[in-house]
Amino acid sequence: VKWGFLAENEDRYLVINGDESEPGTFKDRILLERDPHQLIEGVIITCFASNIKKAFIYIRGEYAKPARRVQDAVEQAYEKGYLGNNILGTNFSLDIVVHLGAGAYICGEESALLDSLEGKRGHPRVKPPFPAVSGFNACPTTVNNVETLTCLPFIVNEGAESFKDFGPENNAGTHLVSLSGHVEKPGVYEVRMDVTLKQIIYDLGGGIRGGKALKGVIPGGASSPVLTAKEIDVEYSFDALGKAGTMMGSAAVMVFDEDTDVVKLLHRITRFFNHESCGQCTPCREGTHWARLIVQDFLKGNGNERKMKRLHRVGGNMMGTTVCALGDAAAMPITSFVTKFPEEFEKYYPKAAA
């Protein structure tokens, strides 16, 4: 669908988003490190289908080893004649450039990534125009994720129907899950979209570490609304998680057990988003700052019902009010933690008030 939006122009670009900075996410790292040739094959397929002659693989700055692996694979592809001018004696030519970011979370947003690629500070752009019309250097640009393009060789070789067989309708195919936290066997797992979150945690992950009880799960990276232990028997697909009031996001499943201090966990998350806000939008710049301070106030033993409501209100005021989704990403964990774990916050009310 994205490819179909590309405007007609002699100069068109493909940008691969390898800026994997969502907390808890490390699936693209595995693909970049362990199978860069499959990604390159997907890039070539995309560019051939879309009449693109130049592609950029934008990799998170901290991913030094994956970047080296991808660069080596690109050089090998040039040596074999799969990249360069007149590939395999055809009229098709393609160049791939590997580019490292500088460690900013905001550059995972596609338009901020494009600004960064152009040598500017990574700031999300106001849309429209969308990248498919005016992207890199104001030319039509498709921005795709690493995992998306890595799936293409299988789809081309085996057919779309074969890929659709892995999972339910509208949520077809396999996908990679980054499983971390208090599980016995953390790691990256490839699953169909008809497995449940409970199966991922207990069957693949081996259950909760040390035989403890589960308290909650962040199902799609730090920006996704949290689920309690009673809510994990849900299909791990886009539609099912949406109906459950959360989202798959970057497919990063972060599990926390009964001993976890939820307020400290939320403080770490709010501190991250406050630090990573680009500061362009007032609701995000100020909201993430105030959310961090309020949660910090709870940790000092100064919590109360009024501050609980204020924290919820600060989160709500960020939702849908910013140029990019970072405001939403910061707000969703705040509102969901306060709503689903109010008793955890009440522990930090002054003892005299209790």
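This is a friendly conversation about a predicted model and the reasons behind some of the labels used for it.

Reader: Let's begin with Cys47. Why is Cys47 called buried?

Author: Buried means under 20% relative accessible area. Cys47 has a relative accessible area of 0%, so Cys47 is buried. You will find the residue in helix 2, which covers residues 36-50.

Reader: Which residues does Cys47 touch, leaving out those up to four places away in sequence?

Author: The list is Leu14, Ile52, Ala55, Phe92 and Leu94. The word "touches" is used because heavy atoms lie within 4.5 Å. For a contrast in space, take Gly301: its C-alpha is 57 Å from that of Cys47, and the two are 254 residues apart in sequence.

Reader: What makes Gln199 partly exposed?

Author: The partly exposed class lies between the buried limit of 20% and the exposed limit of 50%. Gln199 has a relative accessible area of 34%, so Gln199 is partly exposed. The residue belongs to helix 8 (residues 197-204). Its C-alpha is 9.0 Å from that of Ile232, with the two positions 33 residues apart in sequence numbering.

Reader: And Ser180, how do you know that it is buried?

Author: The same cut-off of under 20% applies. Ser180 has 15% relative accessible area, and therefore counts as buried. It sits in strand 5. Beyond residues up to four places away in sequence, Ser180 touches Gly24, Phe26, Pro186, Val253, Met254 and Val255.

Reader: On to charges. Why is the pair Arg29 and Glu33 called a salt bridge?

Author: Side chains of opposite charge can pair when their charged atoms come close. The cut-off for a salt bridge is a nitrogen of Lys or Arg within 4 Å of a carboxyl oxygen of Asp or Glu. Arg29 and Glu33 meet at 3.1 Å, N to O, so the pair qualifies. Both belong to helix 1 and are 4 residues apart, which means about one helical turn separates them. Arg29 is partly exposed, at 40% relative accessible area, whereas Glu33 counts as buried at 8%.

Reader: How many salt bridges does a search of the whole structure find?

Author: The search finds 19. One of them joins Glu110 and Lys2, with the closest N and O atoms 3.4 Å apart. That pair links distant parts of the chain: Glu110 is in helix 4 (residues 110-117), Lys2 is in the segment before strand 1 (13-18), and their positions lie 108 residues apart in numbering. Lys2 is partly exposed, with a relative accessible area of 40%.

Reader: What about Arg125 and Asp115, what makes them a salt bridge?

Author: Their side chains meet at 2.8 Å, N to O, so this pair also falls within 4 Å. Arg125 lies in the loop between helix 4 and strand 4, while Asp115 is in helix 4, 10 residues apart. Asp115 is buried, with a relative accessible area of 10%. Elsewhere, salt bridges that share partners join Lys2, Glu109, Glu110 and Lys127 into one network.

Reader: Which residues touch the most other members of the largest nonpolar core?

Author: Phe273, Phe298, Leu311, Phe337 and Phe345 do, out of 46 residues in that core. Helix 13 supplies the largest share, 7 residues. Phe298 touches Val263, Gly303, Asn304, Lys307, Met308, Phe345, Tyr348 and Tyr349, not counting residues up to four places away in sequence. Another core lies apart from the largest one and has 30 residues, among them Ile16, Ile40, Ile57 and Ile59. As a general matter, in soluble globular proteins nonpolar side chains tend to be buried together.

Reader: Finally, what volume does the largest pocket have, and which residues are closest to its centre?

Author: The volume is about 1,500 Å³. Of the 45 lining residues, Lys27, Asn145, Thr148, Gly249 and Ser250 are the closest to the centre. Elements that give two or more residues to the lining include helix 1 (27-34), strand 4 (141-145) and strand 5 (174-181). Helix 13 gives the most, with 4 residues.

Reader: How do the lining residues divide by type?

Author: They divide into 22 nonpolar, 13 polar and 10 charged. Gly counts as polar, so Gly249 goes with the polar residues.

Notes:
Residues are numbered from 1 along each chain as its sequence is written. This is a predicted model: local features need pLDDT of at least 70, side-chain atom pairs count only at pLDDT 80 or more; totals for chains, interfaces and linings use all residues. Side-chain values use heavy atoms; hydrogens and water are left out. On a 1 Å grid over the protein atoms alone, a cavity is a set of points where a 1.4 Å probe fits but cannot get out, and a pocket is an open set with protein on both sides within 12 Å along at least five of seven lines; lining residues have an atom within 4 Å of a point. Grid points are joined across faces, edges and corners, and a volume is the space filled by probe spheres set on the points. Buried means under 20% relative accessible area, exposed over 50%, partly exposed in between (1.4 Å probe, protein chains only). A nonpolar core is a set of buried Ala, Val, Leu, Ile, Met, Phe, Trp, Tyr and Cys residues joined through side-chain atoms within 4.5 Å.
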